[in-house]
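Colleague: I've just pulled this one up on my screen. Where shall we start?

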Amino acid sequence: MEPESVEELRSAVSQVDTTPETLWASTSPRARSGTPSMLTRRSSLRASSAFVDGCQYGFPTRSVYSGFRALPPIPEPQMLRLRPASLRTQDISHLLARVFRNLYTAQVIGEDLSDSLIKARGSEDERHEQFLDQLQQVRAIYKQRLDEVTMLERHIIQARARDLAETEHATKQTTLNVLETPVKLPPVKTVFRWCIDSELLQKHRLICVEDYYNDPVPFCSAPRGPSTPGYLKLTFSYERHLMLKAKLDKEAEESYRKPVDFDEFEYTTDSLTSTFKARQKTKDTVKKASTPKNKKWMKHLRVPQRDLERLLLARMETRNHFLKNPRFFPPNTPHGGKSLIISSRMPIKRETEEVLNAETGWSCADTPVFLAKPSIGFFTNYEIGPVYEMVIALQNTTATSRYLRVLPPSTPYFALGLGMFPGKGGMVAPGMTCQYVVQFIPDCLGDFDDFILVETQSAHTLVIPLQARRPPPVLTLSPVLDCGHCLIGGVKLTRFVCKNVGYSVGKFCIMPKKSWPPPSFRIVGSTGFVEKPPFGIMPSVFELAPGFAILLEVLFLPTSLGKAEETFIIACDNCQIKELVITGTGQLVALDLIYISGGRNEPEAGELRDLTAQYFIRFDPENPHSTARKQLIIRNATHVDLAFRWQIMKPNLQPLMPGETHSADSIKCHPDRESAFSIIPEKGVLEGHSDHQFILSFSPYELKCFHSVLQMVLEAVPEPLSSGMENLGDYSYSVDDVIVLEIEVKGSVEPFQVLLEPYALIIPGESYIGITVKKDFKMWNNSKSPIKYLWGKISESHIIEVEPCSGLIEPNEVGDFELNLTGGAPGPISQDLKCEVKYSPCSVVLHIEAAFKGPAVVIDVPALQFGLLRLGQKSSCSVQIRNVSQLSAVWRLKESPVCLKERNEDVSPFDIEPLSGQLLPLGECKVNVTLEASHCQSLQTVLELEVENGAWRYGGMGGWTVDCVFTLH
């Protein structure tokens, strides 16, 4: 990794000793203006901001706890920063400013301020001098790091320069032996890792070469001399080919060096392709030529004379049998020489050759003399204006030098230049070629055809076709564009994707069929919009490159009901045209309510109805805050999507006589704000030629009769136009909201029907207090909707509650409940427990009657008699207290206060042990009552037994006290 700029190096070095918090803070503009030491100081100040006051402009202030005489003024808080508008930015300065306020947004110490402070030092304040020393150290560290950044930058630049020089040198050395341009540059390993000082980069905590090169350092051997690259070495098959070729050349050279008589050649020695003939063939020919037809004269000559005469005749015929010019005969014929491309020695039988020639119609006379390369002059991807050239080579395919003549093309779009021959005199040697330059000057992008005639000494003329074919642009546009359906008077914009899937650029122009051909394409292309009511197309002129597409926008403005069709012509710049048919259908709004769940309702006799409503729907009586629903299905009979919304209005009620019609003044439009009716969906789009479901809900909120009218309003419905317009610019387009459907709805409300079984609970007998008595009862919901109930609770003296205390009961269902009654005090009770039914104006009341009693404690003796006592004597009696109930009893035994009051005494003379206590259910307790005679008196009192939450018991007590005098005799 190589640094690219000084800013990157400086940012890398300045972030060496910073924490992650400092690194994030450095992305903000404010953080970039400070030094690394100041950034680190901000993170430390954040941790100690709860104990030490902030330092403005970097000057330290006295701590709050050091005294109040040097308390600095509180600085004004800095303004918060705005949050960046982009969600992809990494700037978090607004978060730091909001969290740390003055610690982050305070002004940092710049270079000018620090220089001024250092130069003006000499204050008597020790803390100020210490601060200046620290500031000077920070400035020195900052300058040292900048010097290190400069040194690193210079070192990296020098390393890159050395690496670039070595790479260029190695590349030149590699390409010295290359004979042809390679496909790509030869791979050269970079030497940057050897030019850079990795230890220096690691010392300053930068990315070094070892961080992204994991391979070990290779062992370098001594340098070798220049070697042949692998792609220049010969392959095995090519070496075999060269050896075979060298062998054939050697054999041919030896055969040429062998002396041969000129009589053994069939043709002159100028031809390199002459074949040898056997001597026997010449002797046979001579014998056949010298054989006379008349054999009678042989009888008059002797044999030696006859042989001599024959020899003389043969010599005379041989002198007259000279070689004929092979240029005037077709190749591969007895006197026409040989062809270089068609062999004369075919390894097939004579019979097979005759059959093949008879079937194909080919003979040796059809052997070509010249061969055109290319055989067809073909031009493509041409444009208007430039001149295109092509070289056509004519190769002599025979073993004889030949002349030729080329006739130029007949059309003005092709031209033929002068021929270029391999030698002088216009003759083409065997195997050599002559070249002609064919020029093509197109005046349009259409197709062109022509030909060139090559005349030779052969009987057949060579024809070279000339063709100019430009691959036509192919548009993915259907020949019929259907704009669909549109309301009469409306405008529908339909977009069609037109893509060029051909291989050439094309310019296209669209116009009505009756305007074809146009007087000038400039007039058509200047408007950019072509129209033929009720259709319009834009753009009318466009250009598409291969693979590109354009959206063709077609406007449809129907003025009549039914299908409309117009034909347009789309012309290309290559002189090709295509018909484009555009169709559309105009329609009117047609909606119908085809289904209502529960059927349609009819008003009762004499019932007032809305004057304009088309349908009437009545809901059955419902309970308050219950919901009844009906399903409506509305059919959109048109093929156009219609935007709609529902509005709930108050009905227009007016009594009319039979045959009487309402007037327009009697129709009022007042929205019903207190309606209990709603419909879902409230707004949307009715898709064309489909059924749509709506849910009509009735949710009464109080006991009264509700009556409303639901109106379906179609939004932006165009007004119909006249069909006599010939120009789309004359159309006056206007839309309005139209009410197309009105439904009158009516519904009544009845209260909840709740029944308790039984309606009152009377518990017979007496029950102990503190013991819960349970009683079951039922509650019937005879309403048409579920009810939610909540039972009350009584806990003043007695505890009365119902389980379950709340819940839900479905219509015509019953709920089972249990009454829990716990007495708190003895005696009869009569209470009414209320049950609140949600949304019901009145509550359900359950009447309860019961009686309770407390614990019962009895004394086993009706009275206590202490008898006759003398002064100072004590007498004790035992009393048995017994709890005859099943409750714990808290008791207290004492003398009746009434008796004490009658005797004018405050303290009772009776000592009761124990005085009070608690008896378990059916428990007993023994109580001792002691009477001490303190003076002479006669006591008749009442013992009172108090029982908490129970009946009190009473018992009698009595005794006599006397002073006895005894006489001693």
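Modeller: With a term, if you don't mind: helices (H or I, at least four residues) and strands (E, at least two) are DSSP runs, numbered from the N terminus. Also, this is a predicted model, in which local features need pLDDT of at least 70 and side-chain atom pairs count only at pLDDT 80 or more, while totals for chains, interfaces and linings use all residues. Residues are numbered from 1 along each chain as its sequence is written, and side-chain values use heavy atoms, with hydrogens and water left out.

Colleague: Got it. Where does Pro 681 lie?

Modeller: In the loop that joins strand E23 (677–680) to strand E24 (683–686). The peptide bond leading into Pro 681 from Ile 680 is cis, and its omega is near -5°.

Colleague: And what about the peptide bond from Glu 803 to Pro 804?

Modeller: That bond is cis too, with omega near -10°. Pro 804 sits in the loop between strand E32 (799–803) and strand E33 (806–809).

Colleague: While we're on backbone angles, what is the phi of Asn 812?

Modeller: Positive, about 55°, although Asn 812 is not a glycine. Look for Asn 812 in the loop between E33 and strand E34 (813–822). Asn 812 is exposed, at 56% relative accessible area. For that scale, buried means under 20% relative accessible area, exposed over 50%, and partly exposed in between (1.4 Å probe, protein chains only).

Colleague: Where is Cys 575 found?

Modeller: In the loop between strand E17 (562–572) and strand E18 (577–587). Cys 575 isn't a glycine either, yet has a positive phi of about 65°. As for cover, Cys 575 is exposed, with a relative accessible area of 56%.

Colleague: Let's switch to helices. Which residues of helix H5 are buried?

Modeller: H5 covers residues 93–100, and its buried residues are Ser 93, His 94, Leu 96, Ala 97 and Phe 100. Looking down the helix axis, you'd find them within an arc of 165°, so they line one face of H5. The arc, by the way, is that of the directions from the helix axis to the C-beta atoms.

Colleague: And which residues are exposed on the other side of H5?

Modeller: Arg 98 and Val 99. Straight after H5 comes Arg 101, which has a positive phi, near 50°.

Colleague: OK, charges next. How many salt bridges does the structure hold?

Modeller: The structure holds 16 of them, where a salt bridge is a side-chain nitrogen of Lys or Arg within 4 Å of a carboxyl oxygen of Asp or Glu. One of them pairs Arg 405 with Glu 455, with 2.4 Å between the closest N and O atoms. That pair ties distant parts of the chain together, 50 residues apart: Arg 405 is in strand E4 (residues 402–407) and Glu 455 in strand E8 (residues 448–456).

Colleague: Is Arg 405 buried or exposed?

Modeller: Exposed, at 52% relative accessible area, whereas Glu 455 is partly exposed, at 25%.

Colleague: What does Asp 691 form a salt bridge with?

Modeller: With Arg 635, the closest N and O atoms being 2.8 Å apart. Here too distant parts of the chain are linked, since Asp 691 is in strand E25 (residues 690–698) and Arg 635 in strand E21 (residues 628–636), 56 residues apart. Asp 691 counts as partly exposed, with 41% relative accessibility. Arg 635 is partly exposed as well, at 39% relative accessible area.

Colleague: And where do the side chains of Glu 924 and Arg 882 meet?

Modeller: In a salt bridge, with an N to O distance of 4.0 Å. Glu 924 belongs to strand E43 and Arg 882 to strand E39 (residues 874–883), so that pair links distant parts of the chain, 42 residues apart. Arg 882 is partly exposed, with a relative accessible area of 38%. There's a network as well: salt bridges that share partners join Glu 607, Arg 618 and Lys 746 into one.

Colleague: Back to E43 for a sec. How far apart are Glu 932 and Gln 873?

Modeller: They're 59 residues apart in sequence and 5.7 Å apart in space, C-alpha to C-alpha. Glu 932 is in E43, which spans residues 924–932. Glu 932 is partly exposed, at 40% relative accessible area.
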